[in-house]
Amino acid sequence: MGELSHATGMPRGRRMGNGIVGVVDVGSNSVRLVLYEHACRAPTVLFNEKVLAALGEGLAETGRISDEAMGRALSAIRRFMAIARAADVANLTIVATAAARDASNGPDFIREIESIAGIPVRVLQGPEEATMAANGVLCGFWRADGLVGDLGGGSLELIDIGEASVGAGESFPLGTLRLKGDAKGSLPRGIGILDETLGASAQLPLLEGRPFYAVGGTWRSLVRLHMAETDYPISIMHHYTVDAQELSTFCAKILREGIDDMAHNEVVSKGRRGLLPWGAAALQAIITHGKPSAIIASALGVREGLLYSTLGEAEKRRDPLILATEELALLRSRSPQHSAELVEWSGAAFAALGISESEDEQRLRVAACLLSDIGWRAHPDYRGDQALAIVSNAALYGIDHPGRGFLALVLHDRYGGLANPASQHAADVLCTAALQERAALLAGIFRIAYVLAPGVPGILPRTRLLKEGDDLVISLPADLAEIDGERPLRRVRQLAKLVGASGSIRTERAQTLDA
């Protein structure tokens, strides 16, 4: 019991908010339960499990959900409800999409679910499903702007989004299972159906020259396969961005050759392999008709969109990257207050060094400050490795992959190097040369800050980093003179070397230790 909070009985490594929230998503291909730590702008997943029930399989031919598929789904829901009760979920929503709303026995299926769960099922109509997918993308990205496409087993939703706006959604019976059934298993016929149907879309003309946000399990599998086939340096799929024509060429290869002979086909689950060509055909049709600039993968969709729709406007406006890194600072750092003090101190240091910042660059610096002490519990020889691995793979939203690489490099250098230098490769590849240079400077500033105030609040605000001509100076008040020493001076000189200066430390009582 020593590891539990005596006040709540909950682990200290958790943020409870208003309690655990959960979503059971009864889709046309899979039935899934996701539990989130609490409802917020940057939701953290506590539990995620799916069952490939294939409710939409055969729906085009029979108009009904098969007894076998329904049995698999209901069995999964019984398990999911038992888990939700055991986890003491404060708020649980059950949603159903295309298969349940389109099947002739859909109402009977919904009644069976409600009998098991004891709560109503929310059946999303097509435009509402599109809106929730759009909300999911708004939740997972910072100032997203483009067209969202959500490909399920029974339907395809398209909807335009801006920074704070959601357009009118469209829903088409072009989900992978539905399309395969309507085309009688013929890909050429399916491509014809896609071209004819999407040619009449009111949303696709809005896409030209803008990014397309791809949502849905089949597209996620396609993106993972592309990442593996191109030896992409990290495995995080969210915010993976590919030139639209490059991905169109990849889709064409899948349609032409299949995936059986691809070197990394094992990254696609067996349950998805048969649907991948249909997802490739749908994506290629969207690229052909919509002419997007890029395809951006989203790990967040309808489920997170439901959570996002319950938030107040102030919470929706919060930056998901800063929110997530604030929580990591609270849970992992020695002093969240010190990490927050580092934000202002490093900003002043950048100004002293004449380093300008765009809004995005400032966001990355703030996030880096908040993450700066998350590796302190590791063995000193491996702190750089651990911090780099955490940031490279953390469930961070509102950050692209170059930004993620930047944060990883800052933490790597802040801890003074790696036991395994090869592990730095991924972060290097993700970053431009300019980002790598900025990361080195920020890490140098952190290394000074952490020998002046090793995770202790209240010290940094009383010190300053100045640049006086060709001299980089750390200025200390008289009562902090004794924190001066060989190690702080060495760190100052290391940073000074990066900016072509000498380095020194001085206190109010005297100017000493000139470089």
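Begin by selecting strand E1, residues 21–26, together with strand E4, residues 91–96, which pair in the parallel sense over 6 bridges. The model on screen is a predicted one, and the tour moves from this pair of strands to single residues before it turns to the protein as a whole.

Within this pair, pick out Asp25, whose bridge partner in E4 is Val95. Keep Val95 selected and add strand E5, residues 121–123, which runs parallel to E4 and is joined to it by 3 bridges. Which residue of E5 stands opposite Val95? Arg122 stands there, so that Val95 can serve as the link on screen between Asp25 on the one side of the list of partners and Arg122 on the other.

Next, select strand E3, residues 45–51, and within it Phe47. With a relative accessible area of 24%, Phe47 is partly exposed, because a residue counts as buried under 20% and as exposed over 50%. Displaying the surroundings of Phe47 and leaving aside residues up to four places away in sequence, one finds that it touches Leu33, Val34, Leu35, Arg79 and Ile83. A distance can also be drawn from Phe47 to Ala87, for these two residues are 40 apart in sequence and their C-alpha atoms lie 9.8 Å apart in space.

Two loop residues with positive phi come next. Arg143 is to be found in the loop that follows helix H5 (126–140) and precedes strand E6 (146–151). Its phi is near 60 degrees, a positive value in a residue other than glycine, and at 38% relative accessibility Arg143 counts as partly exposed. Then move to His239, in the loop between helix H8 (217–229) and strand E11 (241–243). His239 is not a glycine either, yet it has a positive phi of about 70 degrees. Is His239 buried or exposed? With a relative accessible area of 14%, His239 is buried.

From there, go to Ser372, which has its place in the loop between helix H16 (359–371) and helix H17 (383–393). Although this is a loop position, Ser372 counts as buried, at 0% relative accessibility. What does Ser372 touch, once residues up to four places away in sequence are set aside? Its contacts are Ser339, Leu342, Leu411, Arg414, Tyr415, Phe446 and Tyr450, and showing these side chains together with Ser372 gives a view of its surroundings.

Finally, clear the selections and look at the whole protein, which has 21 helices and 16 strands. Along its principal axes the C-alpha trace spans about 90 × 55 × 40 Å. For 515 residues a compact globule would have a radius of gyration near 24 Å, and the 26 Å of this protein agrees with that expectation. Colouring by accessibility will bring out the buried residues, which make up 56% of the 515, while a surface display shows about 21400 Å² exposed, of which carbon and sulfur atoms supply 49%.

Two further properties can be kept in mind in this last view. Of the contacts between residues at least 6 apart in sequence, 70% join residues at least 24 apart. If the charged residues are coloured by sign, there are 52 positive and 61 negative charges to find, and the mean positions of the two sets are 4 Å apart.

Technical notes: Residues numbered from 1 in each chain as written. Predicted model: local features only at pLDDT ≥ 70, side-chain atom pairs only at ≥ 80, totals over all residues. Heavy atoms only, no water. Helix = DSSP H or I, 4+ residues; strand = E, 2+ residues; numbered from the N terminus. Rg over C-alpha atoms; globule rule 2.2 N^0.38 Å. Buried < 20%, exposed > 50% of the residue type's maximum accessible area, 1.4 Å probe, protein only. Contact = heavy atoms within 4.5 Å. Areas by Shrake-Rupley, 256 points an atom, 1.4 Å probe, with all protein chains shown as cover. Lys, Arg positive; Asp, Glu negative; His and termini not counted. Charge placed at Lys NZ, Arg CZ, Asp CG, Glu CD. Pairing = 2+ DSSP bridges.
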